[in-house]
Amino acid sequence: MSLTSLFLGILLLPWISGILLLLLLNKKNNVGAWFSTILSTVLLVLLAQFSWLQEKDLSLSFPWFSIGKQLFDLNFYIDSTSRAILLLVGLANFCVQVFSIKYMEKESNKTRYFIWVNLFVGSMIGLLVADQIWIFYGFWELVGASSYFIISFWHHKKSAIKAAKKAFLLNRIGDLALLIGLFLLSKHFGVNQFSQMQVSTFGLLGGISGFLLVLGATGKSAQFPLMSWLPDAMEGPTPASALIHAATMVTAGVFLAIKVFPLTSELTHLTYGIFGGISFLSASIFALFQSDIKKTLAYSTISQIGLMWMGLGSDASLFHLLTHGFFKAGLFLSAGAIIFYVHEQDKKHEIDAQDINNLGGLLRKIPVISISYIIFSLGLIGLPLSSGFYSKENLAGYLIEQSQNSSYANLYYFLVISLGIGVILSTIYTSRQVLLIFGGQQRSNLEFTKSNSPIYFQIPLILLAILSCGFLFSFNPIHLSTSKLIQFSGIELVESPTYWLVFSVFAWAIGLLLAFKFRAKIPAKNYQFIELFWPKLFKTGVRFASFLQSKFERTLDYFFDNLAKLQVIFAHLISWLDRWVVDGILVKGSSKISYIWGSVLSKWQSGKVQSYWAWLSITFGLFLLYFLL
Amino acid sequence: MTLPILSLIICIPLLAALVLASGKLKGYAQQISLGASLIQIGLLIKLALGYQTSTATFQWVEQHDWIHFSLGSLGQFVAKYHLGIDGLSFGLIILTGIISSIAIWNSDSIKEKTSSYFALIMLLNASLMGCFLAKDFLLFYLFFEFMLLPMYFLIGIWGGPRKEYASIKFFIYTLAGSLFILLALLALGTSYIDPYETALAIDFIQPGQAFSAENAQMIQTAIANGEIASDKWVHSFDAAVFADLKNCYYKSILHPDSAWVLGNLSAREWAFWLLFIGFGIKLPIVPFHTWLPDAHVEAPTPVSVLLAGVLLKIGAYGWLRFTLPFFPKEALEFSNILSGIGAISIIYGAFNALAMTDLKKLVAYSSISHMGFVLLGIASFTAEGWQGAIFQLISHGVLSSLLFLLVGVIYDRTHDRSIQNYSGLAQIMPAYTFITGLAFFASLGLPGFSGFIGEFFSLMGSFNSQHSSAIWAILGGLGIILGAGYFLWTFQKMFLGKQYLKNSEWLLSDLTRKEKLSLYFLGISSLLLGIFPSIIFNLTDNWVSHLINQLF
């Protein structure tokens, strides 16, 4: 198969799969799930083959439409970055779908779930390969919409639909900023394709557009200030959260940062970094006080994406995006497996399966899941031998190197220090979670039995666990070295100084110690940034509109109503005039007058020729007199 | 002899109306009107097959003398029966044909006086078609005015509880708009001189003889130099005459050099505003919109479909066809204000929609918001803005029809449209929920549906415009957030969540086959237009570039 047809296959397969699933919508058995999973395997194979065959950047264009002289073609562009993320999407999609076969087995309308997953994957792939900025924007919005559908999957649950609406609205706010940013970007560069934008100067226009792009990305990536939708979004089915709200969708903002990295100035990069830094620190703190297993992971996702943003959109961001994608998807899937296990043990749903205070001692009950969870957690902390270690080292190295010859050195220092604090924080909350879930004894009153996890859970977890191991990224356990995977993704590595490694060791040690000491004492609190302007915006707007409606529109109606009434009064007046003045005085009066005249004059009509002659001569004489005198 | 297809398109519904009004075939009223409307669609297909997208000029032109009278020394007046289609009107007449037949198809809920109902629908269809087909401004005006009559009775007789109020309000507002247009029409008619007709009147050329641009120029200079006696001047209402400033008699108040000023505005500016507001009431623009929610709430479903789907478009059509070409400089001068009105319409409509508890009122206000994008696009004076505006007209025609039909589905079953009286409909009516979800997401501008393309290009045009401020584009952009707000809020309240009906006796059956047919048709049309926008853009592209070149 040629590269082009392979590409088209990859682009269209999820959509085709989604449309075909519509036909299976009313089937109650598992056929839809299997069908979708098989197609996701095909998609993964196609992606692998595509990556294997593609040697240099691929640029494709199909005619779409034009407006005046402006061409709107379907431009696609695939470089090593998008290729690597594409593979991540394909792998995560495969793992999640296999996992979902079992996890969603008992749902009556699970086919709908698979349709939404396919819709999401289709949009995400479109987003990753789009070169034409408006196609990029279109898929960007579609990604948000499919996230809405997934979150509201259990649509009879009020919390789920509220969360879905919130996610979509916050995303839309970001989308507006992105839209305006892209308008400016295309105005600044004069072209509509990312790949054809040539940088000469950044200028004011470029600066504003860069800032708007950052703001736009905060929505999709759940960063400060539009971060609060992601923890709520955990109302959706857990495997879908693994795919959408951990590995892929939320990294769209990072992808955007990577994409516009060469097109924007250093200050814009640092704006990304600062927004990321704020999110990184605050979300780490919020995660610390969470007792809900999924919400902790959601906050850790926000903070890790903040970390990617702190890579400013450079190769360091991409590196962490890839490693994080695997271990975070793994974490969510294992969390899903744990919830599934607890529900199975606790048939009557007596305890909240997501509350870590109800768990404990699970290591001996579900060993495969527990071990994989621990492996993923190591990645999250960034301990050596895990993939997270290398990407964090690389990121620290990049920031330290950049700070040395930049005029914004202070900002870089801020980022490096945030990174240091964040490492301690993430060590605390992650190890606390691991200790509470797997260590010690069962804390609830229920008796849990040892269970062999279903094969549908084991395959994806083991696959993701392997992908989260460090040796795939570097053979040297405590040092970065270029591996095949790194080469494939086109990442240039930056080594971090030795003092950073020393600091890291201290950070881990402090974190572990604190977690061990205070693991059961940290209170459960739902800290969040206050809901910012958006609910207020809606409420004030609605109030204002109702006010206007009641006052202004009524006044206007009143005015028109009175105008109409005035018209009626006027009409009555006219008709009165018509009856009495025109008809009464003029018409009837004139008829009367003419009657009188007539009766008077008729007397003159005596029928005598002589008198006629007399009158005629008198009149003629008068005329003559008038003219002569 | 070639068939006068455009005349047939107007005559067939008129004929059907006559047959229906005679009342002889009472039991078959719906079938007759549906048949007439299908024949009309057949004719439209014939037009489409022969239509050439490569030119911006009128096609299938039909021209006959109609009114000719002399005013002595004031000259002569000519009004022509002049029909034609071009890139602007073609999409709209197809929309009219399709939406009419869909409205007729969904008229089952009308049980009383069916033959007069369908006769009026046919009359409405004929006058709508006439509006879009007329090349002569007076002819257009007659069709435009005539539209009032069937609409007034359709709301006033078959409407809801406050039908009298709504119909008279509709009547007054629209009549006020027509008066504005009439004033402008008279001013234009008396100030402009038709060179072709004048040439005929002075026997400069013979009927049927070609009339070149040089000839026109000769006549124009001759008039300006006073070489042609004023009783030979021929005033016509041809839109093409008004579009050429050289036809304006130099002593008339509409001439740019005229010193006539009233309240800081010249006569031309006044005339522009008269036309703008006259058509704006129809669109409607804020603050002349209050007739719309009332009319929609009281009108029966198929009439609402026609009202939102086609009638509103005439406002924007009037701007693009008449207002802008007649007064390009004035329009450009005020483009910033126009954009502002557009942006305010978007936001005001959206906030009001958010505040509504009546589903139909919500959709009506969303219409106001969506039509604001049309004004925003038009006021940008860019190719993409105009294309977006025209696209938005068609897209909104499809989507608002879909939305009003959906409101009709629930109203037919329960006679209750309050959003808070329903919850969790997804569990009772899955197919209805599916298509409503699709319609809502299409309307809030999800990429892949037509709503996105229209809004996107209107915004893009407004943003790139050199004549209006980018702030209006940004404010208009807020409309897309608010749009998501009210649609999602409604969807959440009515369709998702726990199942609840205010009245437990309500029997809510899912969509019937008949309902599904039209709903899916409209939904798929929106999807097709969203994925292949070139269906519309190919039609309008030449027309828009031609107009842009003409104006600048």
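Helices (at least four residues) and strands (at least two) are taken here as DSSP runs, numbered from the N terminus. With that in hand, one stretch of chain A can be described: residues 64–114 are 57% helix and 25% strand, and the C-alpha atoms at the two ends of this span lie 30 Å apart. UniProt, in an unreviewed entry, gives this stretch of chain A the feature "domain: NADH-Ubiquinone oxidoreductase (complex I) chain 5 N-terminal". Keep in mind that everything here comes from a predicted model.

Zooming out to the whole of chain A, the count comes to 21 helices and two strands. The chain's radius of gyration is 38 Å, while the globule rule gives 25 Å for 629 residues, so chain A is more spread out than a compact globule. Its C-alpha trace spans about 145 × 65 × 50 Å along the principal axes. Even so, buried residues account for 51% of the 629 residues in chain A. Contacts within the chain can also be sorted by sequence distance: of those between residues at least 6 apart in sequence, 81% join residues at least 24 apart.

Next comes the place where the two chains meet. Here 36 residues of chain A are in contact with 37 residues of chain B. On the chain A side, β1 (58–67), α5 (133–151), α6 (158–189) and α20 (533–604) each supply at least two of the touching residues. Sorted by class, that side of chain A holds 20 nonpolar, nine polar and seven charged residues.

Chain B brings a small piece of sheet into the picture. Its three strands form an open sheet in the order β1-β2-β3, with mixed pairing. The edges are β1 and β3 of chain B, each of which pairs on one side only. On average, neighbouring strands of this sheet are turned by 25° against each other, direction ignored.

How do the strands of chain B pair up? Strand β1 (residues 59–70) runs antiparallel to β2, and nine bridges link the two. Two of the residue pairs can be picked out: B:D65 has B:K80 as its bridge partner in β2(B), and B:E62 is matched with B:L83. Together β1(B) and β2(B) make a hairpin with five residues between them, and in the turn B:G72 has a positive phi of about 65°. On the other side, β2(B) runs parallel to β3 (residues 234–236) of chain B, and three bridges join them. There, B:F77 stands opposite B:H235 of β3(B).

Why does β2(B) count as largely enclosed by the rest of the structure? A residue is called buried if 20 or more other C-beta atoms lie within 10 Å of its own. Seven of the ten residues of β2 (residues 76–85) in chain B are buried, so this strand is largely enclosed. In a regular strand, side chains alternate between the two faces of the sheet.

One last residue of chain B is worth a look. B:P430 lies in helix α18 (residues 430–443) of chain B. Because B:P430 has 17 C-beta neighbours inside 10 Å, this proline counts as partly exposed. The C-alpha atom of B:P430 is 7.2 Å from that of B:D510, although the two residues are 80 apart along the chain.

Technical notes:
Residues are numbered from 1 along each chain as its sequence is written. Chains are lettered from A and ligands numbered from 1 in the order in which they are written. This is a predicted model: local features need pLDDT of at least 70, side-chain atom pairs count only at pLDDT 80 or more; totals for chains, interfaces and linings use all residues. A residue is buried if 20 or more other C-beta atoms lie within 10 Å of its own, exposed if 12 or fewer, and partly exposed in between; C-beta atoms are placed from the backbone. Two strands pair if DSSP finds at least two bridges between them. Two residues are in contact if their C-beta atoms, placed from the backbone, lie within 7 Å. Ala, Val, Leu, Ile, Met, Phe, Trp, Tyr, Cys and Pro count as nonpolar, Asp, Glu, Lys and Arg as charged, and the others, Gly among them, as polar. Axes are lines fitted to C-alpha atoms, for helices over the stretch in contact, and angles run from 0 to 180 degrees between N-to-C directions. The radius of gyration is taken over C-alpha atoms; the globule rule is 2.2 Å times the number of residues to the power 0.38. UniProt positions are given in the numbering used here, feature names are shortened, and annotations may be inferred rather than shown by experiment.
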